[in-house]
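Dear colleague,

I am handing over a structure for you to look through, and I have written down below what was found in it. Please open it first and keep it beside you as you read.

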Amino acid sequence: DLDTFLREQNVPGIYGIDTRALTKIVRESGVMNGIILSELPEDKSKVLWDIKQYRITEAVANTSRSEREVHLHTNETEHPKKIVLLDLGAKKTICRQLQMRGCDVTIVPYNTSGEEIIAMKPDGIMLSNGPGDPAENVEVIKEIRKLLYCGIPMFGICLGHQAICEVEGATVTYASHLMHGKQS
């Protein structure tokens with residue numbers, strides 16, 4: 001059964017709650033800390049304190065690949081476009097979709113310098129999706145700043161787009177700020 005399978009895979013599961021209602025709360029309030037417990041602890045205040053203090057750090061560094069990868073286009077394009085995909089936590093489908101559209105894709109780790117990317121002479125630069133608060137990625141933002149006005153078209157998905165906004169001076173409201181009473 002499902003419960004046995006999840007336990008064997010060391011995957012937590014929940015039941016007895018309205019997951020649709022939970023989804024709506026997260027959609028409207030943003031990302032928030034939580035915990036799954038099998039029973040209520042005696043000291044609830046400590047658990048609540050621990051939940052409020054929990055922070056994800058180095059989310060991009062922990063999800064980005066560590067080595068450069070090259071993926072060639074998958075259609076009959078005679079002159080494929082060269083795209084550099086800056087991996088901020090990229091989903092595999094992004095690369096596949098670019099390949100299907102006639103692009104040779106070089107995926108680079110999040111900490112690749114702007115100079116290295118420019119030296120690859122790509123036709124375009126894609127900043128991937130990824131986890132966490134864009135403002136926490138100070139070094140990545142510095143490198144993206146080098147790329148933004150180099151003359152190479154650049155586009156972003158989710159975190160990548162938010163990073164471009166940060167470079168341009170916009171303050172991206174990240175849901176955890178709302179949870180902790182901060183305004184941005």
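What follows is a short account of a sheet and of two helices that lie across strands of it.

Please bear in mind throughout that this is a predicted model.

The sheet is an open one of five strands, arranged in the order E1-E3-E2-E4-E5, and its pairing is mixed. At its edges you will find strand E1 (69-71) and strand E5 (154-156), each of which pairs on one side only, and from one strand to the next the twist averages 20°. In general, strands of a sheet pair through backbone hydrogen bonds, and they may do so in a parallel or an antiparallel way. Here E1 and strand E3 (residues 103-108) run antiparallel and are joined by three bridges, with Glu 69 standing opposite Ile 107 in E3.

Turning to the helices, H7 lies across strand E2 (81-86), strand E4 (124-127) and E5, and runs at about 140° to E5, while H8 lies across E4 and E5, running at about 120° to E5.

Helix H7 (residues 138-148) and helix H8 (residues 159-167) also pack against each other, at an angle of about 80° and with their axes 9 Å apart. Because angles of 65 to 115 degrees count as roughly perpendicular, H7 is described as roughly perpendicular to H8. In this contact, Ile 141, Ile 144, Arg 145 and Leu 148 of H7 meet Ala 163, Ile 164, Glu 166 and Val 167 of H8, and these residues divide into six nonpolar, two charged and no polar.

With best wishes

Note on methods: Residues are numbered from 1 along each chain as its sequence is written. This is a predicted model: local features need pLDDT of at least 70, side-chain atom pairs count only at pLDDT 80 or more; totals for chains, interfaces and linings use all residues. Side-chain values use heavy atoms; hydrogens and water are left out. Axes are lines fitted to C-alpha atoms, for helices over the stretch in contact, and angles run from 0 to 180 degrees between N-to-C directions. Helices (H or I, at least four residues) and strands (E, at least two) are DSSP runs, numbered from the N terminus. Angles under 35 degrees count as roughly parallel, over 145 as roughly antiparallel, 65 to 115 as roughly perpendicular and the rest as oblique. Contact means heavy atoms within 4.5 Å. Ala, Val, Leu, Ile, Met, Phe, Trp, Tyr, Cys and Pro count as nonpolar, Asp, Glu, Lys and Arg as charged, and the others, Gly among them, as polar. Two strands pair if DSSP finds at least two bridges between them.
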